[in-house]
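This report goes through selected side-chain interactions in one protein model. It covers salt bridges, disulfides, aromatic rings and one glutamate.

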Amino acid sequence: WLKLPPQRSSPPEGAGHAREEGSSQCLTMSRPRRSLRAAALALTALAEPGSRLFARADLPIHCTQQDVTGDWTFRLSPAKPMEGRIPACGHSIPNTVDSMILINRSKVVPPSEELLFPVTLTEEIVSEPKRHLKATGGPGHSRGSWTMVFDTGLEIRVDGRSLAAHFLFDHIPNVTRVPKNGDNWKDIAKFHGRRSNSIRPEGETYACHCDVTSVGWWHRRSTDGTLEGGCLWGSKDGRRP
């Protein structure tokens, strides 16, 4: 388990703007938005010192909003009290390419203990109560919000829960170049789950999966107001994990 880092001031939540990208309207964030939630703090802790939520670290990931929209199923580990700390969920501090490749999601979120949590992510922009992209999820298909965080991950808030994760990348077997810390999207050799071929892979080392996440975090407020949460990973429906 990791100790929560101190909070830093940042732009107000929802400080984004709409833009046109191809035929789809996107909600983009000019800077990382403020998040008081434990999942966001977890990702801050796992970034380089002094950086913010989902800092633009060197990771071989590059996904767009259009790639990510659709129906997902997330696998959540059982809830545990957080008590000022968050589960490491297999990650290191600071987070690195080497450490993320070694994460075994079945050990972090055992299939025998997982809770299946359906989520639908849309490109519909809702203006009230604050400007956000519409998401629905949970057993009752509750309405909520979601956001891309740069091109490397996402955060979802629905059914009283906050879910956050990077997208998955892995090492392509039988290639001569070995993975190393500092590699980035230019080292991607193959994309999975992309809806457009506008960006061609330039590298030879990694596969980037825009339809599967790496292991991430979830949390919610319990009935007594304290935080509880755990680990997760997700995949798009129809995508064989």
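Arg161 is buried, at 9% relative accessibility; buried means under 20% relative accessible area, exposed over 50%, and partly exposed in between, with a 1.4 Å probe and protein chains only. Its partner in a salt bridge is Asp159, and the closest N and O atoms of the two are 3.3 Å apart. Asp159, at 30% relative accessibility, counts as partly exposed. A salt bridge here is a side-chain nitrogen of Lys or Arg within 4 Å of a carboxyl oxygen of Asp or Glu.

The model is predicted: local features need pLDDT of at least 70, side-chain atom pairs count only at pLDDT 80 or more, and totals for chains, interfaces and linings use all residues. Residues are numbered from 1 along each chain as its sequence is written, and side-chain values use heavy atoms, with hydrogens and water left out.

**Salt bridges**

Side chains of opposite charge can pair when their charged atoms come close. The count comes to 8 salt bridges. Three of them are tabulated here, including the pair already described.

| Basic residue | Acidic residue | Closest N to O |
|---|---|---|
| Arg161 | Asp159 | 3.3 Å |
| Arg177 | Asp187 | 3.7 Å |
| Lys180 | Asp183 | 3.3 Å |

Arg177 forms its salt bridge with Asp187. Both residues lie in the loop between E11 and strand E12 (188–192), so the pair ties together parts that are 10 residues apart in sequence. Strands (E, at least two residues) and helices (H or I, at least four) are DSSP runs, numbered from the N terminus. Asp187 is buried, at 17% relative accessibility.

In the pair formed by Lys180 and Asp183, Lys180 is partly exposed with a relative accessible area of 42%, whereas Asp183 is buried at 2%. A network of salt bridges links Arg177, Lys180, Asp183 and Asp187.

**Disulfides**

A disulfide is a covalent bond between the sulfur atoms of two cysteines. In this model a disulfide is assigned when two cysteine sulfur atoms lie within 2.5 Å, and the structure holds 2 of them.

One disulfide joins Cys63 to Cys210, with an S to S distance of 2.1 Å. Cys63 is in the loop between helix H1 (38–46) and helix H2 (65–68), and Cys210 is in strand E13 (residues 206–213), so this pair links distant parts of the chain, 147 residues apart. The torsion about the S-S bond of Cys63 and Cys210 is about -90°, so the disulfide is left-handed. Cys63 is buried at 3% relative accessible area, and Cys210 is buried at 0%.

Cys89 and Cys231 form a disulfide with their sulfur atoms 2.0 Å apart. Cys89 lies in the loop between strand E6 (85–86) and helix H3 (97–101) and Cys231 in strand E15, so the pair ties together parts that are 142 residues apart in sequence. The disulfide of Cys89 and Cys231 is left-handed because its S-S torsion is about -90°. Cys89 is buried at 5%, as is Cys231 at 7%.

With the bonded cysteines numbered in sequence order, the pairing is 1-3, 2-4. Why is Cys208 not bonded to Cys63? The sulfur of Cys63 is the closest cysteine sulfur to that of Cys208, but at 3.8 Å it is too far for a bond. Cys208 is buried, at 0% relative accessibility.

**Aromatic rings**

A search of the whole structure finds 2 aromatic pairs. Rings of Phe, Tyr and Trp (its six-membered ring) pair if their centres lie within 6.5 Å; planes under 30 degrees apart count as stacked, over 60 as edge-to-face and the rest as tilted. The rings of Trp72 and Phe74 have centres 5.7 Å apart and planes at 15°, so the pair is stacked. Both Trp72 and Phe74 are buried. For Phe169 and Tyr206 the centres are 5.8 Å apart and the planes at 85°, so the pair is edge-to-face.

**Glu228**

Glu228 lies in strand E15 (residues 227–236) and is buried at 18% relative accessibility. Its side chain makes a polar contact with the side chain of Arg220 at 2.7 Å. A polar contact is a pair of N or O atoms within 3.5 Å; within protein, one must be able to donate a hydrogen and the other to accept it, and residues adjacent in sequence count only if both atoms are side-chain atoms.
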